[in-house]
Structures are given as C-alpha cells and as structure tokens.
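Work through the exercises below with the sequence and the coordinates open. Each task is followed by a solution in steps.

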Amino acid sequence: MPPYVFSLFVDVTPLPDRTFDPDVTDGRYCYCYVNADDENQATKKLRLDLKRRGLQLDNVQWCMNHDAPELERKDPEYEDASIRRARSGDIVYDRIDPMFT
C-alpha cells in the first residue's frame, strides 16, 4: 500500500549563503514527516525540500515508517495532524530544536 509516511529526525544547517532566523530558531535538529515509498525516497524528497528552504541535510539520526506492521499503536485510529498532512503529500516540519553541546 505504498506510499508510506516516514518520520525522520535529522540534523540540518543553513546553506553557505543563508542563516537561521534568530527570531524563529537557533537550532539544527528537526522532526520531519514525508510521504514516500521507502526510506531512500523519503530522504531524497526531504533533502530537496530542505535545499529549497535554504537548508542542507547533514545527517539522518533515525527514520521510521509509521505504516510498518510491527509498529505498536495504542490506538489504531490515532494519527496526529503532522502524519495526516504528510499522508496528503506535504513534507511536514514539526520543529527545529537548538543544537545542544
């Protein structure tokens, strides 16, 4: 039943000619939701969208298929708004968190 919704936790940085807007974030860790056939396609779609936004994908911390049969759900009818938006084809960014050192 592809495509699936993938949740990714990634490291991002501004492209060389860009900066983070300090009024929005000083961070670099981002939660994202992408509609794709597999992890590779999800990562490629995310990389292209980030570039369009002036960011580069530095690292994928993890990538999870929300439709995987082995994923345990407390309520099978539950889907948060981010997942629903991603299912419709949007690439959804939940938040960009500060880099902790």
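## Exercise 1: a cysteine in a strand

Cys63 lies in strand E3. The model is a predicted one.

Task: Decide whether Cys63 counts as buried or exposed, and list its contacts beyond four places in sequence.

Solution.
Step 1. The relative accessibility of Cys63 is 19%. The cut-off for buried is under 20%, so Cys63 counts as buried.
Step 2. With neighbours within four places in sequence left aside, Cys63 is in contact with Phe6, Ser7, Leu8 and Glu39.
Step 3. As a distance check, take Cys63 and Tyr33: the C-alpha atoms are 9.4 Å apart in space, and the two residues are 30 apart in sequence.

## Exercise 2: two aspartates

Task: For Asp49 and then Asp67, give the location, the burial class and the polar partner of the side chain.

Solution.
Step 1. Asp49 belongs to helix H1, which spans residues 39-52. Its relative accessible area is 11%, so Asp49 is buried.
Step 2. The side chain of Asp49 is joined to that of Arg53 by a polar contact of 2.8 Å.
Step 3. When residues up to four places away in sequence are not counted, Asp49 touches Ile91 and Tyr93.
Step 4. Asp67 sits in the loop between strand E3 (55-65) and helix H2 (81-87). With a relative accessible area of 19%, Asp67 is buried.
Step 5. The polar partner of the Asp67 side chain is the side chain of Arg87, at 2.9 Å.

## Exercise 3: aromatic pairs

Task: State how many aromatic pairs there are, then classify the pairs Phe9 with Tyr29 and Phe9 with Tyr31.

Solution.
Step 1. The count comes to 5 aromatic pairs, with ring centres within 6.5 Å as the rule.
Step 2. For Phe9 and Tyr29, the ring centres are 5.9 Å apart and the planes stand at 20 degrees, so this pair is stacked.
Step 3. This pair links distant parts of the chain, with Phe9 in strand E1 (residues 4-14), Tyr29 in strand E2 (residues 27-36), and their positions 20 residues apart in sequence.
Step 4. Both partners are buried: Phe9 has a relative accessible area of 15%, and Tyr29 has 19%.
Step 5. For Phe9 and Tyr31, the centres are 4.6 Å apart and the planes stand at 35 degrees, so this pair is tilted.
Step 6. Phe9 is in strand E1 and Tyr31 in strand E2, so the pair ties together parts 22 residues apart in sequence. Tyr31 has a relative accessibility of 22% and therefore counts as partly exposed.
Step 7. Ring pairs join Phe9, Tyr29, Tyr31 and Trp62 into a cluster.

## Exercise 4: nonpolar cores

Task: Describe the largest nonpolar core, and follow Leu46 to its contacts.

Solution.
Step 1. The largest nonpolar core has 15 residues, and Leu8, Val10, Val34 and Leu46 have the most contacts inside it.
Step 2. At least two residues of this core come from each of E1, E2, H1 and E3.
Step 3. Leu46 is in contact with Leu8, Val10, Cys32, Val34, Ile91 and Tyr93, leaving aside neighbours within four places in sequence.
Step 4. Another core, of 5 residues, lies apart from the largest one; Tyr33, Ile83, Ala86 and Val92 are among its members.

How values were computed. Residues are numbered from 1 along each chain as its sequence is written. This is a predicted model: local features need pLDDT of at least 70, side-chain atom pairs count only at pLDDT 80 or more; totals for chains, interfaces and linings use all residues. Side-chain values use heavy atoms; hydrogens and water are left out. Helices (H or I, at least four residues) and strands (E, at least two) are DSSP runs, numbered from the N terminus. Buried means under 20% relative accessible area, exposed over 50%, partly exposed in between (1.4 Å probe, protein chains only). A polar contact is a pair of N or O atoms within 3.5 Å; within protein, one must be able to donate a hydrogen and the other to accept it, and residues adjacent in sequence count only if both atoms are side-chain atoms. Contact means heavy atoms within 4.5 Å. Rings of Phe, Tyr and Trp (its six-membered ring) pair if their centres lie within 6.5 Å; planes under 30 degrees apart count as stacked, over 60 as edge-to-face and the rest as tilted. A nonpolar core is a set of buried Ala, Val, Leu, Ile, Met, Phe, Trp, Tyr and Cys residues joined through side-chain atoms within 4.5 Å.
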